[in-house]
Amino acid sequence: MTFSALDTAHVAHALRLAERGLYTTQPNPRVGCVIAHGEQVVGQGWHERAGQPHAEVFALRDAGERARGATAYVTLEPCAHYGRTPPCADALIAAGVARVVIAAEDPFPKVAGRGIEKLRAAGIDVESGLLRDAAREINIGFFSRIERGRPWVRVKLAMSLDGRTALANGESKWITGEAARADVQRWRARSSAILTGSGTVLADNPRLTVRLEDQSFTPPLRVVLDRQLRTPAGSHVLDGQTPTLLLHAADAKPVDQRFDNVERMSVAEQDGALDLRAVLALLAERGCSELHVEAGPTLCGALFAAGLADELLLYVAPLLLGDAARPLLHLPALTDMADRWSLRCIDQRQLGPDWRLQLRAS
């Protein structure tokens, strides 16, 4: 299948539109749409918020009658089923578009090729696969949830040059500077949920909220793995300001009313700890696509050891904390270099005095 340079430019435009929904479409994917006659763009739109019209509808409204005979460029296969909104494939057919170019096919079972089939049955020329990798990247969590049955797991850690995350007494504020900490807020905002463990709650009492001036994001769910319900009364995660889910062992019993503001669910155990695969499956069932992890070396190490950490956001500060300071991760001892955990860097940038490395499992 051959696409023109103009096709590529319009799909790239649609991808930039899709990015505008980066913080607001949960649990739906981020989608952009451009409608054009040749070089002339006559309509554009993006999915702005879950429950509201999809990108194609906004673009068709923008185009009006000019959509007839045009090409629609969409970053994800148009839906063909009734959900909270009518099928976008039907809207494109009714508008009289002549051609549809799709970046990525939708794996969601109620769509999965049905949108393409419906468009072609109506006599519309349909082509797909243009900038597919970029389209999948912007919805990396959505594809993970639908195709793998678990969210994309992104672990955030900050360390000194000698690989330490806190002093021996637990003090860690602040290893990195303001620019790095502000960057973390944007990663939190795009996530479906923020995960930590009860050990981090006990040590640091984190809020796990998003602190940005622009409040248009959908607040992520706060998730605490608290096997025996140890979270102390007065902890910030129990404040009820944003939704919190405490996951615990089946035999754990609350001893007082401290958990009245939060949802609690039991999860299966494995080797004396909560089963991480069961945790991820449960979150996926709740529509969690991107899981942002901010936890200590034990939980983060367990995710890597189990092969469940897809991505590492590593903030590196130009300072040294010494041998007695706390390590980045607790991982099983290796006896063979062939067993090492290999990562590849997909992005690196400087944020104030610090560096951020975006690494993925090889």
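Is arginine 30 buried or exposed? In this predicted model, arginine 30 has a relative accessibility of 4% and therefore counts as buried, since that value lies under the 20% cut-off. Its charged partner is glutamate 290, whose side chain meets that of arginine 30 in a salt bridge at 2.8 Å, N to O. The pair links distant parts of the chain, for glutamate 290 belongs to strand β14 while arginine 30 sits in the loop between α1 (5–18) and β1, 260 residues apart. Glutamate 290 is buried as well, with a relative accessible area of 1%.

Strand β14, which spans residues 290–293, is covered on both faces: Glu290 and His292 on one side, and Leu291 and Val293 on the other, are all buried. In a regular strand the side chains alternate between the two faces of the sheet. Strand β14 pairs in the parallel sense with strand β6 (residues 152–160) over four bridges, and also in the parallel sense with strand β8 (residues 193–197) over three bridges. Histidine 292 takes part in both pairings, standing opposite arginine 154 and serving as the bridge partner of isoleucine 194.

Just beyond this strand, in the loop between β14 and α10 (297–305), lies glutamate 294, which is linked to arginine 188 in helix α7 (residues 178–189), 106 residues apart. Their side chains meet in a salt bridge of 2.9 Å, N to O, and both residues are buried, glutamate 294 with a relative accessible area of 12% and arginine 188 at 6%. Salt bridges that share partners also join Arg30, Glu137, Arg154, Arg190, Glu290, Glu311 and Arg360 into one network.

Another part of the structure is an open sheet of five strands in the order β2-β1-β3-β4-β5, with mixed pairing. Strands β2 (40–46) and β5 (125–128) stand at its edges, and because each has a single partner strand, one side of each is left without a neighbour in the sheet. Within this sheet, β1 (residues 32–37) and β3 (residues 71–76) run antiparallel and are joined by four bridges, with alanine 36 standing opposite threonine 71 in β3.

A further salt bridge, again 2.8 Å from N to O, joins the side chains of glutamate 105 and arginine 132. Glutamate 105 lies in the loop between β4 (99–104) and α4 (114–121) and arginine 132 in helix α5 (residues 132–138), so the pair ties together parts that are 27 residues apart in sequence. Here glutamate 105 is partly exposed, at 28%, and arginine 132 is likewise partly exposed, at 32%.

Technical notes
Residues numbered from 1 in each chain as written. Predicted model: local features only at pLDDT ≥ 70, side-chain atom pairs only at ≥ 80, totals over all residues. Heavy atoms only, no water. Pairing = 2+ DSSP bridges. Helix = DSSP H or I, 4+ residues; strand = E, 2+ residues; numbered from the N terminus. Buried < 20%, exposed > 50% of the residue type's maximum accessible area, 1.4 Å probe, protein only. Salt bridge = Lys/Arg side-chain N within 4 Å of Asp/Glu carboxyl O.
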